[in-house]
Amino acid sequence: QCAIIRAMQVLQDGGSSQEAVTCAISALEDFPCTNCGHGSNLTLHGGVECDASMICGQSGCYGSIGAVTGVKNPIKVASKLLSQQRNGLMSLGRIPPIMLVGEGARCYAFQQGVELCPPNELITDRARAVYIDHMNRLERSEDGPQNKKAHISQPLVNAQDTVGAIAMDTYGTLCAGVSSGGLSLKLPGRVGHAAMFGCGCWAQNGMEDAPGFACSVSG
């Protein structure tokens, strides 16, 4: 509810759909009970690596980051990349990036003024408890062939809960975004669907012969 209220205020103040989506998802990333930003699932090695993406329905511009650590609000970095796409070529005719991952995404966030934080600050007690439980289950499942077979039919719980938002501003421009901490016990460096073009979110403004639509999906 807090995310909706903040995003609606952005739109009422004349802000763009991109700004509203960024605001809503940032609020969800700060909420410790969601699997994104603060409170994300932990990787196999016990760290937080986040994915996020955003798309503009008017221009088709898109920005995403994957497997980034130590960024308080990953969706803000995706939004920066989207804006850079809309601005066209960079100096010396360089093509702006659509997607950045890992340390490259973190460095870009710093250059763009997006708030960074110590990676451990994104780990909550809840996420740590889930990690310990899942690691214990993983160790039991790999003790032998019989245990492995028994545990295949018992999928991990609390493994997803990806978040997203869509918005339309006063100009009729649609925007969609998504943010995720990824799967519990994922291999470090894994880039999930939340960061992949056409997978985590989509937005397309309406045309004379077709309605517009926007969506944000979850694992």
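The following exchange examines how several descriptions of this predicted model are justified.

User: Why is Val 101 called partly exposed?
Analyst: The relative accessible area of Val 101 is 43%. Partly exposed is the class between under 20%, which is buried, and over 50%, which is exposed, so Val 101, at 43%, is partly exposed. Val 101 lies in strand 3 (residues 99-101).

User: What makes Val 101 eligible for a nonpolar surface patch?
Analyst: A patch residue needs over 30% relative accessible area and no salt bridge. Val 101 has 43%, and therefore passes the area cut-off. Together with Ile 98 and Met 99, Val 101 makes a nonpolar patch of about 240 Å².

User: How do you know that Lys 72 and Asp 30 form a salt bridge?
Analyst: Their closest N and O atoms are 3.0 Å apart. The criterion is a distance within 4 Å, so the pair qualifies. The bridge links distant parts of the chain: Lys 72 is in the loop between strand 2 and helix 3, and Asp 30 is in helix 2, 42 residues apart.

User: Why are Lys 72 and Asp 30 classed as they are for exposure?
Analyst: Lys 72 has 25% relative accessibility and Asp 30 has 31%. Both values fall between the 20% and 50% limits, so each residue is partly exposed.

User: What makes the pair Asp 125 and Arg 128 a salt bridge?
Analyst: The N to O distance is 3.5 Å, and the limit is 4 Å, so this pair also qualifies. Both residues lie in helix 5, three residues apart, about one turn of the helix. By this rule the model has two salt bridges.

User: Why is Asp 125 called exposed, whereas Arg 128 is called partly exposed?
Analyst: Asp 125 has 64% relative accessibility, which is over 50%, so the term is exposed. Arg 128 has 37%, in between the two limits, and is therefore partly exposed.

User: How do you know that the buried residues Ala 3, Ala 7 and Leu 11 share one side of helix 1?
Analyst: These three buried residues cover an arc of only 70 degrees around the axis, which puts them on the same side of helix 1. On the other side, Ile 5 and Gln 12 are exposed. The cover over the buried residues includes helix 2 and strand 4.

User: Which residues touch the most other members of the largest nonpolar core?
Analyst: They are Val 21, Ile 65 and Val 77, in a core of 40 residues. The elements giving two or more residues to this core include helix 1, helix 2 and strand 4. A second, separate core of nine residues includes Val 178 and Ala 194.

Notes: Residues numbered from 1 in each chain as written. Predicted model: local features only at pLDDT ≥ 70, side-chain atom pairs only at ≥ 80, totals over all residues. Heavy atoms only, no water. Core = buried A, V, L, I, M, F, W, Y, C linked by side-chain atoms within 4.5 Å. Buried < 20%, exposed > 50% of the residue type's maximum accessible area, 1.4 Å probe, protein only. Helix = DSSP H or I, 4+ residues; strand = E, 2+ residues; numbered from the N terminus. Patch = residues over 30% accessible without salt bridge, like charges linked within 9 Å, V, L, I, M, F, W, Y side chains within 5 Å. Areas by Shrake-Rupley, 256 points an atom, 1.4 Å probe, with all protein chains shown as cover. Salt bridge = Lys/Arg side-chain N within 4 Å of Asp/Glu carboxyl O. Arc of directions from axis to C-beta. Contact = heavy atoms within 4.5 Å.
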